[in-house]
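The following exercises are to be worked through with the sequence and the model at hand. Each task is followed by a solution in steps.

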Amino acid sequence: MSETPGASYASAGVDIEAGDRAVELMKEWVKKTQRPEVAGLGGLGGFAGLFDASAFKRYERPLLASATDGVGTKVDIARRLGVYDTIGHDLVAMVMDDIVVCGAEPLFMTDYICVGKVHPERVAAIVKGIAEGCVLAGCSLVGGETAEHPGLLGPDDFDVAGAGTGVVEADRLLGPDRIRTGDAVIAMASSGLHSNGYSLVRHVLFDRANLKLDQHIEELGRTLGEELLEPTKIYSLDCLALTRTTDVHAYSHITGGGLAANLARVIPDGLHATVDRSTWAPGAIFDLVGKAGAVERLELEKTLNMGVGMMAIVPQGAVDSALATLADRGVDSWVAGEITERGEHTTGAALTGDYSK
């Protein structure tokens, strides 16, 4: 009678050696993100990431800001295309651009990568993208976790999430308390869809319109896959530069929920933000999604960013300075609206007019 071999972690689908190999491959990319506060404080592979908090001594009252997020079903596009080194940019943007909204400087980030099967080079490519994003945001990648979940995820399936921390001086905290009637709303252009609304986008373009990722779309000037995988723009250092040179009252990161809903989150009671659609023309991808799925404008606007990834609220007297600073940094920006008293039938923010053609 033959005996059944004993079970092992490997026979259950978890490859520890592959995980170790992935860690070795990602080390060089993580090292590129090191700020002075983390240099020399251990390395990748420890149980916790370290940050030298003595740097906070220069603050009178340092406030720590934290955020966590993922990139949603955009990971499906990366998986289907076999492109893994850009999705990390999206992850950093979704986390660190939330942190910078309150005026905080991004400090460090950790990531969580969940896979059905560890392919070391694939995991390392994901971390490479996260590391490159951290450099663009000015923060360190101090650690993370790669988890292998056979049976729950297919061999090529994966997901990513991250958490970040920043710091801001208490008396420089940005937000609703600073906003005043007459302030201008400045829009900063997005790089495309960013990392929100992909469940709608995938349903419309793949299930309803039967488009293919390798299909060249004339209106886009490239393949559909290239457009859908365009990394989310990271505004962190641009916003910090703007805060240093301009009297910024608040920022709004335009993510899930669309432009009006996210802008309303920073508008105080009694005030109202009006955004004029005629001040910009959304990119071709937004029109493609709308037409391919017969999606009503209101539905598009509460799901997608419509071409605006970040908004800044500044005094009217600071508009020229703000636009000049952003232009110098290569950020396409414009005055899109203003802050007024809230009427009886108005809410925190609303879009008016028709988009420019």
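On a 1 Å grid over the protein atoms alone, a cavity is a set of points where a 1.4 Å probe fits but cannot get out, whereas a pocket is an open set with protein on both sides within 12 Å along at least five of seven lines; lining residues have an atom within 4 Å of a point. Grid points are joined across faces, edges and corners, and a volume is the space filled by probe spheres set on the points. The model is predicted: local features need pLDDT of at least 70, side-chain atom pairs count only at pLDDT 80 or more, and totals for chains, interfaces and linings use all residues. Residues are numbered from 1 along each chain as its sequence is written, and side-chain values use heavy atoms, with hydrogens and water left out.

**Exercise 1. Characterise the largest cavity.**

Step 1. The structure holds one cavity of 30 Å³ or more. The space in the largest cavity is about 40 Å³.

Step 2. Its lining consists of Val115, Lys117, His119, Arg122, Ile126, Pro155, Asp156, Asp157 and Phe158.

Step 3. For the classes, Ala, Val, Leu, Ile, Met, Phe, Trp, Tyr, Cys and Pro count as nonpolar, Asp, Glu, Lys and Arg as charged, and the others, Gly among them, as polar. The lining of the largest cavity then divides into four nonpolar, one polar and four charged residues.

**Exercise 2. Describe the second largest pocket and identify the element that gives the most to its lining.**

Step 1. The volume of the second largest pocket is about 340 Å³. Its lining has 14 residues, and Pro282, Asp287, Met306, Tyr355 and Lys357 lie nearest the centre.

Step 2. Helices (H or I, at least four residues) and strands (E, at least two) are DSSP runs, numbered from the N terminus. Two or more lining residues come from each of helix 9 (284-292) and helix 10 (297-301). Helix 9 gives the most, with four residues.

Step 3. By class, this lining has six nonpolar, three polar and five charged residues.

Step 4. Met306, one of the residues nearest the centre, is in the loop between helix 10 and strand 10 (308-314). Although it is not a glycine, methionine 306 has a positive phi of about 55°. Its relative accessibility is 5%, so it counts as buried (under 20% relative accessible area; exposed is over 50% and partly exposed in between, with a 1.4 Å probe and protein chains only).

**Exercise 3. Determine how the buried residues of helix 5 are arranged, and what covers them.**

Step 1. In helix 5 (residues 198-208), the buried residues are Tyr198, Val201, Val204, Leu205 and Phe206.

Step 2. Seen down the axis of helix 5, these residues fall within an arc of 165°, so they line one face of the helix. The arc is that of the directions from the helix axis to the C-beta atoms. An α-helix has 3.6 residues a turn, so residues three or four places apart point the same way.

Step 3. With contact taken as heavy atoms within 4.5 Å, the cover of these residues includes helix 2 (74-81), helix 6 (224-228) and helix 9.

Step 4. In helix 9, Ile285, Phe286, Leu288, Val289 and Gly290 are buried. They pack against helix 5, strand 6 (216-217), helix 6 and helix 10.

Step 5. Asparagine 210, which follows helix 5, has a positive phi near 55°. Just after helix 9, alanine 294 takes a positive phi of about 50°. Alanine 294 lies in the loop between helix 9 and helix 10 and is exposed, with a relative accessible area of 63%.

**Exercise 4. Locate the largest nonpolar core and trace the contacts of two residues, Met311 and Val275.**

Step 1. A nonpolar core is a set of buried Ala, Val, Leu, Ile, Met, Phe, Trp, Tyr and Cys residues joined through side-chain atoms within 4.5 Å. The largest has 77 residues, and those with the most contacts inside it are Leu205, Leu228, Leu263 and Met311. A second, separate core of 20 residues includes Leu240, Val314, Ala318 and Val331.

Step 2. Beyond its neighbours within four places in sequence, methionine 311 is in contact with residues including Val185, Ile186, Tyr251, Leu263 and Val275.

Step 3. Valine 275 lies in strand 9 (residues 271-276) and counts as buried at 1% relative accessibility. Leaving out residues up to four places away in sequence, valine 275 touches, among others, Leu259, Trp280, Met311 and Ala350. Valine 275 and alanine 349 are 74 residues apart in sequence and 7.6 Å apart in space, C-alpha to C-alpha.
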